[in-house]
Amino acid sequence: MTLSEFRGVYPAMTTPFHEDGSIDFETLRTDARRLADAGVDGLVPVGSTGESATLSHDEHIEVVEAVVDAVDVPVIAGSGSNNTAEALSLSQRSADAGADGLLLISPYYNKPEPAGMYDHYRTIADEVDLPQIVYNVPGRTGQNITVDTTVELASHPNILGYKAASGDLNQVSEVVERTRDEDFSVLAGDDGLILPTLAVGGTGTISVVANVEPERTVDLVHSALDGDYENARERHHELGPLMRALFWETNPIPVNEAMAIRGYGPGYVRSPLTRLSEELRPDLEAVLAALEPVEAEP
């Protein structure tokens, strides 16, 4: 399918593992179908929440293939790296695996200057003919993508979106303001800022909480996009305790535990991550128990 914009809810999928650390592909496919059936607008495997940092390149592509084969909604593959050649290879292989778009985390650790950041994204966008999302998450990368760089990149025909996970709503607002004349989508990457991002002109979210509560997240986002901010605020506050709980420890530790509590996955993570602290599990169970089940719209 051809993506002309990124709009709506895109869960940042977890990668389920067996106890021995191997990928649980059966659960992965089942989970992809569960989320698609809940009405999400697309899926994002092998991003930060999918523990891409601990997957081999071959495993990375196998996960993308499994999700693509399981669902009919757009699949946006995480394919970034701090090595431009490596990111390009992962992006090309993800395209060959059937991905409909790409999510590209900015180069981490080596911390390029703005010119290097721009060249990194332009190289991939020039070589891979898929819609691409620039992913700004300085808390993980150690480097903020400047607004000027983002605006420059927005003019490229293959760079159609920006995942905002800096926690800086002023920066998000400026990106929206300065790209309004482009075919460019701004997506919330911090669950707690989904509603504020939509309020300043964002178009959706790549979300952690949507793994656990897809129906509520879809209702929140599409209500806001339709101008029903009263309902969107209700959903925002309803989900607030869970949004915060999913970051009590390093993502994706809490979301994997929440998935296990709900019966959606085994809850295992790969080293060096660990299971959620035992003392926090009862509190997470209580947060989840307070959310009554919601059925997907027919």
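Two strands count as paired here if DSSP finds at least two bridges between them. Helices (H or I, at least four residues) and strands (E, at least two) are DSSP runs, numbered from the N terminus. With that in hand, look at strand β1: 4 bridges join β1 to strand β7 (residues 204-207), and the two run parallel. Val 9 has Thr 205 in β7 as its bridge partner.

A word on the model before going on. This is a predicted model, where local features need pLDDT of at least 70, side-chain atom pairs count only at pLDDT 80 or more, and totals for chains, interfaces and linings use all residues. Residues are numbered from 1 along each chain as its sequence is written, and side-chain values use heavy atoms, with hydrogens and water left out.

**The sheet**

Zoom out and you get 7 strands in an open sheet, ordered β1-β7-β6-β5-β4-β3-β2, with parallel pairing. β1 (8-11) and β2 stand at the edges with a single partner strand each, so one side of each has no neighbour in the sheet. On average, neighbouring strands of this sheet are turned by 25 degrees against each other, direction ignored. Axes here are lines fitted to C-alpha atoms, for helices over the stretch in contact, and angles run from 0 to 180 degrees between N-to-C directions.

**Around β3**

Buried means under 20% relative accessible area, exposed over 50%, and partly exposed in between (1.4 Å probe, protein chains only). In strand β3 (residues 101-105), 5 of the 5 residues are buried, so the strand is largely enclosed by the rest of the structure. In a regular strand the side chains alternate between the two faces of the sheet. Here Gly 101, Leu 103 and Ile 105 point one way, while Leu 102 and Leu 104 point the other way.

Which strands pair with β3? One is β2 (residues 76-78), parallel to β3 over 3 bridges, with Ile 76 standing opposite Gly 101. To get from β2 to β3, the chain goes through helix α3 (residues 84-96) in a right-handed β-α-β crossover. Right-handed means that, with the strands pointing away from the viewer, the path from the first strand over the helix to the second runs clockwise. The other is β4 (residues 132-136), joined to β3 by 4 bridges and also parallel; Leu 102 sits opposite Gln 132 there. β3, helix α4 (residues 114-127) and β4 make a right-handed β-α-β unit too.

**Some residues to click on**

| Residue | Where | Relative accessible area |
|---|---|---|
| Gly 161 | strand β5 (residues 159-164) | 0%, buried |
| Val 134 | strand β4 | 2%, buried |
| Gln 171 | helix α7 (residues 169-178) | 10%, buried |
| Gly 98 | loop between α3 and β3 | 31%, partly exposed |
| Tyr 109 | loop between β3 and α4 | 74%, exposed |

Contact means heavy atoms within 4.5 Å. Leaving aside neighbours within four places in sequence, Val 134 is in contact with residues including Leu 104, Tyr 121, Ile 145 and Gly 161. Gly 161, in turn, touches Phe 6, Gln 132, Ile 133, Val 134, Phe 184 and Ser 185, not counting residues up to four places away in sequence. By the same kind of count, the contacts of Gln 171 include Asn 136, Asn 144 and Tyr 162. As for Gly 98, its C-alpha atom is 9.7 Å from that of Ile 76, 22 residues away along the chain.

**Backbone oddities**

Where are the cis peptide bonds? One joins Asn 251 and Pro 252, with omega about 15 degrees, and Pro 252 lies in the loop between α10 and α11 (253-262). Another runs from Ser 271 to Pro 272, with omega near 15 degrees, and Pro 272 is in the loop between α11 and α12 (281-289).

Positive phi turns up in residues other than glycine as well: Val 46 has phi near 50 degrees, and Tyr 109 has phi near 70 degrees. Val 46 is in the loop between α1 (25-37) and α2 (57-70) and counts as buried at 2% relative accessibility.

**A helix pair**

Helix α9 (residues 214-225) packs against helix α10 (residues 229-245) at an angle of about 145 degrees, with their axes 8 Å apart. Among the residues making the contact are Leu 220 of α9 and Leu 239 of α10.
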